[in-house]
Amino acid sequence: MKKKNLNKLSAVCIIGIIILTFTACSSKTNINENLVSNDGDDKKIINLFGPMEKSKPNVNNIARTAFDLTVEMAEEDLDLTVRYRTYTAENYQEKTYDEVTLDRVRNNMDDLYLLNPDTIQTLGSEDKLLDLSVLESAKNLRDVIKTANTVNGKLVAIPQEVVAHGLFLNKDMFDEYNLELPNTPEEFMECCKIFKENGIETPIGANRWWLENFVFAQAYADLYNGDDTEALIEALNKGEAKYSDYMRPGFEYLKELIDKGYIDAETAYTYEAIEEEGADFLAQKTPIVMAYWAAANSDTAYGNPDFNLQVIGFPSKLGPMPVVSMTGYAIGSEAEHLDDTLAVLDTILSDEALQLYAETNKVISPSKNVEVECIDALKPLNDRINDNVYVLGSNAGMNVEQWGNTCLIVRDLLNGATVDECMEAFDKLQEEALSK
Amino acid sequence: MKKRPKRNRKGSLLISIILVFCILGAVVFSVARKTSAEMSSSAINNLSDSLGLVKGTIEAILVKEAQFQKLIAQEIAISKDPYEFIQFYDENQTIAKISLILEGETKGISSSGKTFSEDALDFSTGKKIGDLSLTQSYLNDMGTWAYTMKCPVMKNDKEIAVLYIEYTFDSLEASFPDNFYDGSAMLYIMDSKSERLVLKPTGMGERDAGHLNLADFYRANNIMDETLQAKVAETVHAGHNIMFYHDIRNKNSLIYMWSVNDGAFYLIGYVPIEAIQQEGQSVNQNILIVVIVMLIAFFLCCILYYFNQKQQQTIRKEREAEREIHNKQLAEALQAAQIASNSKTTFLSNMSHDIRTPMNAILGFTTLLSKDADNPLKVREYTKKITSSGQHLLSLINDVLDVSKIESGKMVLTTQEFTLNDLVSSVDAIIRPMAREKAQNFYVTVTDITHEYLIGDETRINQVLINLLSNSVKYTPANGNIWFRIIGQKQHSAQYEHIQIEVEDDGYGMTPEFLETIFDAFTRAENSTTNKIQGTGLGMAITKNIVELMGGTIDVFSEVNKGSLFRVDLELLIPSEQSDRQFWKDSGITRILVVDDNIEICKNIQTLMKDTGISVDIASSGQEALCMAQHACDNESGYQAVLLDITMKDTDEAETVKKLQEIIADTIPILFLTDCDGDDMHTETLFTENVGFLAKPFFVSAFKEALLNMRLMQDKDKPESESKGDAIISGLHFLVVEDNDINAEILSELLDIEGATCEIAENGQLALERFERASIGEFDAILMDVQMPVMNGYEASKKIRLLDRPDAKNMPIIAMTANAFAEDVKDALNAGMNAHVAKPIDMSLLKKTIHQYVS
């Protein structure tokens, strides 16, 4: 009796499975159904223009990942697509990213841009950038961010990270020659001397972009770390003080480094950031390079080296001095998709997005509400910033744009100009500014 | 035909299955491969088609741009002021700039109003769209990649100016498919000469967007094979398409380079193979799933089949085992039946022989008797032999009937109080003459018995002992020895006496094979010697059954030519009142002396006398006995009886008795302990007053009886055994109730011989009527048969007892019947009869019984 029931049950199960299988395999087409998906047609887009490092085989760029995470957040929240365009110069003879950016902003090619400090100041002055103080997220920004990015009373750019530049040192090589990490220009010079004497042809790996940090560290150490910063800047803006007086010691110091062969001016003039000098540093042929904070976290830059990496400030009489420059996101004043772009920017600069960004890249957040731990290599630099000891590489409050102009004048120095000629260039810039 | 081994068959089956699976696997694999190859080919074709379509679209756009430029040139040709015409144009995403240089001038003007010169443009590539020259790609003032076509402005077949229009590559992006292969495929536009990537993928997370040029594309995607790069360069230079496999980010990918506009630009990019072969993989996956499901189903079926087979095999094995057991049981039953049949046949044959033998003797002697009737000596001899043969015949019949009773489970034990003394005496009385006749020595010992009076079926115990001992006598040659021992064992319970009975001989013994069947019915030890011995072969079976019925055990140990030992263990109930203390008190006996050099016997006597309250002193020699007697007399605590072993060494019994009688009073009884009856004693001197004999083994009851006999002798001073029977029935008148005329006549004659008379009644009814009519005291007793017509003996007895006569209750009624079983005795007593005497009639027993009930 039991066996019969089991047989019946088995038969019913088999029939059921067969029916289900046939049902699953059958595909009944509804002739009235539109087979084309039109979902993508109405999707909103905004165009973003930003720089991008060259990709490495089989390596993910963490900086991009962090940025992409926040963009993804915006795309999901706002149901739109962010189109990303970039430009990288093939060589020093080609247009720079900044030059291309200026063209694109002026021609209203895109909606959202990631701009360098000099470009921010230039385009802000031309009134090509939108005032971002309307954004909700702008209320959370640290004051230094607001100060550095305000041009003609408008907050024209906001960064996702505070970009602090420092010296990246191979601590193992310093230990090998019993060298202490340098604090002052003299100590740094001595270290370079020892390296040189020990057969390291060029102790400092330099590129055409970031040597100016040596200048800023020595030029503005007192200005930004004293009590009368505003007054001193005011004196400069009024012409009562000369930028060249501030800049001279740094240029002379750079000149000495070049003359003593600690920096190869010829290659530095042509090298793009990280791409060339970075290889020698990672190969432990060069003990010293300069780079920005996030490079210590990125596999595409100096993340996970085979040696003990330490990041310190640039030498100054006040000790290691971080140089803080402000890159930032800006919106073209006549952007085609203005409202959507504002919404995207508000999202990627929200505390939630900045927390995600800062945690992913281990960087200093522009929001006063976001704090994250940094990696060990960055602690010396981080400690100085936490102690409010740093100089700004760009300041929209100064009537002479600092970051871009100094970079160009340093290139002149690399190209053979004398320090006096360089100082004359600063004087000329100051005169032009005062004449406006 | 030879049967193939099972293992080979299984191996072949396994190989066949594996072969089928191999073929199936090969077919599935080849189908999957074929499908995969076809779909791969199809996928590559689809990719080619897609790239061709994009290429076609781009080329169409370029052609349209060229046509548009020609139209503009025509418009300019007919315009009054060409410069004014172009300045009306506003820049847009497709056309960045329109410029014009008039014929004969090196500089012109752009739509932006700026001065324009051809120097900034590179037309050296020689590439054309339609018939318009095309520049190398460059980064324009808008910060985007662009190209310029130049078109002559003709008026009246004369070139009046050159029109330059700058187009952006961004405008070509619209020709790219959305989500190319689900976004996994990349597409770039590369300028052929500079190898710059002038249009890159857009969208979030595009690492590929960072590639600068073809070299950077190679580096970033790890395509570093120089031969491959050279081949690509050669193909690009020739303006041909190329597609090749390479791993990109650990995924096998297809890299493609599609020539656009005769190699002016190239569509380049890559797509992972898995993306284009998604459908093929899906099909293969489905095939694999189906195959796996089928395999699982097949293996499930195999497992189910295996378990089913295993179960079937187990059931089959169980059935076979069951059948084997059944067959075995049947065979055994058959064998047992055959053995039983054979045994019964043998038994019948034996019985036929055994019955015919005494019957032949009876009939033969009756013939001789009739012939020699006048010769009293001969008549006595013949009748003696007829009696012997008749008794043998009777024992045969009794055995057969016992077996029948046992087998039908109707045997019932009749328990009553008895003494071991009676048991041993009766057995001794039967066996000893038999042993003596065969010149065998028969030894009887009783040791360690604490209770002499016991409750049990004396008759059946007697039967067991007679069976065992008579066998020993039978199977022991002349001058052999037979031992009969009763040994007291440690009691398991205070209420039961545990006794062990041993019957041992040093006779022929038995083979081990025979020992196995010794207790089976209808078996009998046979050899050249014993063949001469009569027997039914039932004795041991009856013995064993009786012992087991009593809750005892029987064991046998035997060796051929060495002898046999039968050991019976029994536990018999001890009666509450063990000994008659009053008798000893009345007799005035409080202390006795036992004289025996065998200390064991003395100790036994002490043990047995324990319950009587009599003090037993022991002396191991005559001299010691005399000393003790003297000492007792001196202390005025003399002995009231003396037991003296007659076989003591170094002791002159007669002298000892004499001296004893001098010390103790000559009225004190002195009893000689003998190994046998006093008949064997020829020492006339021992027969003096107050001297008697007591046969070993010692029993209290025998001692008591001996003392009583001595007193009787003293009282009557004449032999006891003489004329005892005559005195009993002589002159008595009986009512004999017997339906069989012959039996009635025999009985009548026998009674007549004994001096008694009788009246015959043919059945119970007649007997009842006759007794009713009889006067009081007319009959001294009724001898009643049981099985009779009209009214049987039981009914008649009951009715007699119910008669309203003063002697109805007391009239002795003795059953005389062939119904000789114990239960028949019980039934007779239950019917109101006084006693039971079995047929054939043993006159001495009958007389004894009549004497017991007729005062």
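**Close-up 1. K128(B) sits in strand 4 of chain B, a short run covering residues 128-129.** As with every view here, we're looking at a predicted model. Is K128(B) buried or exposed? Neither label quite fits: K128(B) counts as partly exposed, because 15 C-beta neighbours fall inside 10 Å, and the partly exposed class lies between the cut-offs of 12 or fewer for exposed and 20 or more for buried. Leaving aside residues up to four places away in sequence, K128(B) touches S133(B) and L134(B). Look also for D262(B): it is 134 residues away along the chain, yet its C-alpha atom and that of K128(B) are separated by 8.7 Å.

**Close-up 2. Five strands of chain B make an open sheet, in the order 10-9-13-12-11.** The pairing is antiparallel. Strand 10 (197-199) and strand 11 (242-248) of chain B are the edges, each with pairing on one side only. From one strand to the next, the twist averages 35°. Zoom in on strand 12 (residues 251-260) and strand 13 (residues 265-272) of chain B, and you'll find eight bridges joining this antiparallel pair. To pick out one bridge, start at Y256(B): its partner in strand 13 of chain B is G269(B).

**Close-up 3. Helix 4 of chain B, residues 226-238, lies across strands of that sheet.** Which strands does helix 4 of chain B lie across? They are strand 11, strand 12 and strand 13 of chain B, and the helix runs at about 150° to strand 11 of chain B.

**Close-up 4. Helix 17 (residues 403-414) and helix 18 (residues 419-435) of chain A cross at roughly 155°.** Their axes come within 9 Å. The two helices are therefore roughly antiparallel to each other, since that label goes to angles over 145 degrees. The crossing is right-handed. On the helix 17 side of chain A, the contact uses N405(A), I409(A), D412(A) and L413(A), while helix 18 of chain A brings E421(A), C422(A), A425(A), F426(A) and L429(A). Sorted by class, that contact has six nonpolar, one polar and two charged residues.

**Close-up 5. Two asparagines of chain A, N178(A) and N304(A), have positive phi without being glycines.** N178(A) has a phi of about 55° and belongs to the loop between helix 6 (171-176) and helix 7 (185-197) of chain A. N178(A) counts as exposed because it has 7 C-beta neighbours inside 10 Å. For N304(A), phi is about 50°, and its loop runs between strand 8 (288-292) and strand 9 (309-312) of chain A. With 10 C-beta neighbours inside 10 Å, N304(A) counts as exposed.

Methods: Residues are numbered from 1 along each chain as its sequence is written. Chains are lettered from A and ligands numbered from 1 in the order in which they are written. This is a predicted model: local features need pLDDT of at least 70, side-chain atom pairs count only at pLDDT 80 or more; totals for chains, interfaces and linings use all residues. Two strands pair if DSSP finds at least two bridges between them. Helices (H or I, at least four residues) and strands (E, at least two) are DSSP runs, numbered from the N terminus. Axes are lines fitted to C-alpha atoms, for helices over the stretch in contact, and angles run from 0 to 180 degrees between N-to-C directions. Two residues are in contact if their C-beta atoms, placed from the backbone, lie within 7 Å. Angles under 35 degrees count as roughly parallel, over 145 as roughly antiparallel, 65 to 115 as roughly perpendicular and the rest as oblique. A crossing is left-handed if the near helix is turned anticlockwise from the far one by less than a right angle, and right-handed if clockwise. Ala, Val, Leu, Ile, Met, Phe, Trp, Tyr, Cys and Pro count as nonpolar, Asp, Glu, Lys and Arg as charged, and the others, Gly among them, as polar.
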